[in-house]
Amino acid sequence: MTKELIVRTGPQEYECREGVLSTLPKRLEERFVKNILIVHGAVSWQKARPYLEALYKTDFSISEVAFSGECSYEEVDRIVRLASQNDCDAIIGVGGGKIMDAVKYAAAKAGCILSVMIPTLASNCAPWTPLSVMYTEEGVFIRYDFLQQQASLLLLEPRLIIDSPKDFFVAGLADTLAKWYESDEILSLPENAQQPMLMMARQAASICRQSILDHAELAIASLEAGEVTEAFVKLTEVITSISGMVGGIGVAFARTTIAHEIHDAITNFPESHHFLHGHKVAYGIMVQLAYEKKWAEIDNLIPFYEHLDIPKSLSDLHLDRLDAEDIMEIARLSTKPEAPVHGLPYEVTAVLMAEAIQALDKYMANLPKL
């Protein structure tokens, strides 16, 4: 085996249940925390603040700061400075994935500071994974930075998450669906199929795919009705935790390949910025399947994509104005020498990637109109 298999697990402690946030003060006391910095979004903070009444009735010293909107190096450094100025023992992230990534990074960079994850959305596995996806302040992807410190605590309150916008939940489903399609070609290789950690990663990826295809419709209906059901809680956990296990256990064998690299490449086009991370990754799944010439699987997924209104072509991403040169730029960015796509068991080149993107667009344009 040529790649190192260094397992990076999830948070030190995790719980998902209704009412779990009332236990936060006790859990912080058990960790000898005294001074806290809370980093939060705008709308998300309005939703989450009532769930933290127990925390505000304690003797903790609590400072608050609004998140800038991007997980950039500048924002991480700002959070580190604020934590230092307030002599904080813990930084609590309340909001979406970029807040989680910035808080994890800031806590690790500050040293001897705990990070606590309180997601208000089920849109990705950022609360779980010990890495941060870094962007410029304008929202252009830079790279993934792995952290040597995992989150101390992750608490999922289903009632808080069911109050989130439907688009974010759908994006989370799409991002999680990619775990199977990006990793299976590698994990199913004979030399990997019997490795214990990789067997676990592949099983987690399989759970992601099957759970979503089986339960997404009911879970979305639950969210729309504001009812916390078994299906909704199950997919909330799949998006947040099980998906994080795929890359955490499988590492370079199971983290990201074509779907996420396509996402990262198209962030260079401003028209894509208003689409959520998971929506762009979902399009990347289609590109990967087109690259692999798995048109039957594309056909299987099309009804699911259409039912959830997930992008499956450049036109759906409002990028139909791109010409051949722009498409080749996406292809080059997604196949650069250091990109993880080269871990796939077949040749990946910019020319073939551009051909796959164009073939996919042509295929989608020729679908029968309903």
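This passage describes a pocket, an annotated region and four individual residues in a predicted model.

The second largest pocket encloses about 450 Å³ of space, and its lining is made up of 21 residues, among which Tyr144, Phe146, Thr256, Glu338 and Pro340 lie nearest the centre. Two or more lining residues come from each of two elements, strand S7 (141–146) and helix H11 (258–266), and S7 gives the most, contributing five residues. In character, the lining divides into nine nonpolar, three polar and nine charged residues. Because domain 1 (13–162) and domain 2 (166–366) both give residues to this lining, the second largest pocket lies between the two domains.

In the UniProt record, an unreviewed entry, residues 11–140 carry the feature "domain: Alcohol dehydrogenase iron-type/glycerol dehydrogenase GldA". This span is 34% helix and 25% strand, and the C-alpha atoms at its ends lie 27 Å apart. The same kind of record, again as an unreviewed entry, gives the annotation "binding site" to a set of residues including Gly97, Lys98, Ile99, Met100, Asp101 and Thr120.

Two of these annotated positions, Ile99 and Thr120, may be described in turn. Ile99 is placed in helix H5 (residues 97–110) and, since its relative accessible area of 5% falls under 20%, it counts as buried. Beyond its neighbours within four places in sequence, Ile99 is in contact with Val39, His40, Gly41, Phe67, Gly93 and Val94. Thr120, by contrast in setting, lies in the loop between strand S5 (114–119) and strand S6 (131–135), and it is likewise buried, with a relative accessible area of 7%. When neighbours within four places in sequence are left aside, the contacts of Thr120 are Ser44, Ala48, Val94, Gly95, Gly96, Leu160, Ile161 and Ser164.

Further along the chain, Trp295 is found in helix H13 (residues 295–308) and is partly exposed, its relative accessible area being 23%. Residues up to four places away in sequence not being counted, Trp295 touches Ala290, Ala359, Leu360 and Tyr363; of these, Tyr363 is 68 residues apart from Trp295 along the chain, yet their C-alpha atoms are separated by 9.2 Å. Ser313 lies in the loop between H13 and helix H14 (324–334), where a relative accessibility of 7% means that Ser313 counts as buried. Apart from neighbours within four places in sequence, Ser313 is in contact with Tyr283, Asp361 and Met364.

Note on methods. Residues numbered from 1 in each chain as written. Predicted model: local features only at pLDDT ≥ 70, side-chain atom pairs only at ≥ 80, totals over all residues. Heavy atoms only, no water. 1 Å grid on protein atoms, 1.4 Å probe; cavity = no way out; pocket = protein on both sides within 12 Å on 5 of 7 lines; lining within 4 Å. Points joined across faces, edges and corners; volume = space filled by probe spheres on them. Helix = DSSP H or I, 4+ residues; strand = E, 2+ residues; numbered from the N terminus. Nonpolar A, V, L, I, M, F, W, Y, C, P; charged D, E, K, R; others polar. Domains from an automatic or database assignment. UniProt positions renumbered as here; feature names shortened; annotations may be inferred. Buried < 20%, exposed > 50% of the residue type's maximum accessible area, 1.4 Å probe, protein only. Contact = heavy atoms within 4.5 Å.
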